[in-house]
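Work through these short exercises with the structure open. Try each task before reading its solution.

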Amino acid sequence: MRHSEYFIPTHKEIPSDAEIISHQLMLRAGMIRKLTSGVYTYLPTGLKAVRKAENIIREEMNRAGAIEVLMPAVQPGELWKESGRWDYYGRELLRFKDRHNRDACLGPTHEEVITDLVRKEIHSYKQMPINFYQIQTKFRDEIRPRFGIMRGREFIMKDAYSFDTDEEAADRSYRIMYEAYTRIFNRCGLKFRAVEADTGTIGGSSSHEFMVIAKTGEDQIITCSDCDYAANVEKAEVSPVMEPREVMENGMSLMEEVVTPGIKTVSEVTSFLKISPDQLIKTLIYKADDEVIAVLIRGDHELNEHKFQSFVGAGEIELAGPDLVFEITGAPTGFAGPQGLKIKIIADQSIRGMKNFVTGGNKKDLHLKNMNIGRDFTVDRFADLRLITSTDLCPKCGGKISFGRGIEVGHIFKLGTKYSQALNALFLDEHGKEKPVIMGCYGIGVSRIVAAAIEQNHDKDGIIFPIPISPFEVTILPLRVDEKIIIDTTERIYQELLDQKIDVLLDDRAERPGIKFKDADLLGTPVRLTIGPKGLKNGEVEIKLRSEPKSFTCPINDAATIIRKKITGLYDSLK
């Protein structure tokens, strides 16, 4: 491709509304342009990078036995009502009515549509296992789209859905997709980690997220140094820790009321009472669907709302406002306690066995000392409800854990029969018995792969693209386009590379060398070939890898061969 015949509108300045490096560099490198909030046009180089990621995904999905389909972007509301997600999904689902006043939505995901297809076409165990996938544009009406294509409202996604006759077969399908995803992200040149994750609005029994490791990642993940355990912080399990025996065997002290005027935060209360935060119990009042529940959490811990929501099986949870807190406890926010409550009380497992702790007093400006479970109030159920901390140990092996940040580029789910039962997707087994199909769901953010790769691979000069998803593999920079010897040499090497099926950008613009170098670094092409008058006098050209600081020279006649070897080496390093 000749630069003069292409469209790469680069910019020197950092866009004022671009918060993270991938957003900044994709705008500066002329890869994307904003149309409206969270919606972008992909310019030629941006689209090339996305298409290369798509090709890798398609090859590996086909290799794994999945079958490509294409489903409608507009979905009938009746399907979502049938599955029970029309109201549950929330405002991210862009709903509208057609000219016949029928409810419809723009598809954020396609569980309902694919299940509708399968219930009409798959009726026998002999037709399974089967896995359908598509690569398609989705729309989720994010309340706060940001970070360019990293968290846009419109995005390109690969979603796949497996259908099996039993749990054992479904586990095999899940493992096949896990392995396919591992190959996909390796081939894209990403440093990533698969972590246990929450199932969210998709639902199902378990899931894994594939996280690109990056400092700018929105998601916090924990990993173990001694085993392969890794999890999103929302999903990370916390092992129960038994209190020391002397604490367990201490007697209960008399409960004591303490006036705490205007003192209600953990730091204020613990400072006033001269206690540590782990001696205070917070009483949080939540509305879980239509039920009000009190949740007890130690003062030095934070509630994990995902765990809580999953534990109580609620469609939606919401922290109670001041009016509801007063109605339930008789106290303003900040002074709630478990004593005398007429609602269900659940507590984090770290509270089990604690004695003589402090709680709110259910009156304004009052706290209670020496509170004890069983004597002063009753807990209905204990569970792992809190966020993991750096002082916790690995829940699998007891090893040391560490925290990092990641960008989610893929997510796989074991859906079970959630959608097949709701939508009546049934089959006849080998005994003629009717059963619901077992489903799995597997998503990849195709456009997000490109942004995540940039977050992970860049420097002060621009992008450093992994070669498999780089818009071009090689950039040729002739430093003088008005000298015949440079033009002739450039054209010969350019044609040699094209003949070898190498993806080349020839910068044939009549621009200063400095501009060409800056644009080449900004776009991040893995291999750069520079052809200048000084080198040609010595029969040499200059080759530089974008990922390495130094360049080297080689004989003109060897340039195409050496570039081919360098490109092969870059691909081989990802295997």
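**Exercise 1: a salt bridge between two helices**

Arg183 counts as partly exposed, at 22% relative accessibility. Here buried means under 20% relative accessible area, exposed over 50%, and partly exposed in between (1.4 Å probe, protein chains only). This is a predicted model, where local features need pLDDT of at least 70, side-chain atom pairs count only at pLDDT 80 or more, and totals for chains, interfaces and linings use all residues. Residues are numbered from 1 along each chain as its sequence is written, and side-chain values use heavy atoms, with hydrogens and water left out.

Task: find which residue forms a salt bridge with Arg183, and where the two residues lie.

Step 1. Apply the rule: a salt bridge is a side-chain nitrogen of Lys or Arg within 4 Å of a carboxyl oxygen of Asp or Glu.
Step 2. The partner is Glu60, with the closest N and O atoms 2.7 Å apart.
Step 3. Arg183 lies in helix H6 (residues 167-187) and Glu60 in helix H2 (residues 44-63), so the pair ties together parts 123 residues apart in sequence. Helices (H or I, at least four residues) and strands (E, at least two) are DSSP runs, numbered from the N terminus.
Step 4. Check the cover: Glu60 is buried, at 3% relative accessibility.
Step 5. Look around: Glu59, Glu60, Arg63, Arg183 and Arg187 are linked in a network of salt bridges.

**Exercise 2: pairs within one helix**

Task: find how many residues separate Glu168 from Arg172, and Lys484 from Asp488.

Step 1. Glu168 and Arg172 both sit in helix H6, 4 residues apart, about one turn of the helix. Their closest N and O atoms are 3.7 Å apart, and they form a salt bridge.
Step 2. Lys484 and Asp488 are also 4 residues apart, in helix H13 (residues 484-499). Their salt bridge has its closest N and O atoms 2.6 Å apart.
Step 3. An α-helix has 3.6 residues a turn, so residues three or four places apart point the same way.
Step 4. Compare the cover. Glu168 is exposed at 57%, while Arg172 is partly exposed at 48%. Lys484 is exposed at 64%, while Asp488 is partly exposed at 39%.

**Exercise 3: the whole protein**

Task: what share of the residues is buried, and how many helices, strands and salt bridges are there?

Step 1. Buried residues make up 51% of the 575 residues.
Step 2. The protein has 16 helices and 31 strands.
Step 3. The salt-bridge count comes to 45.
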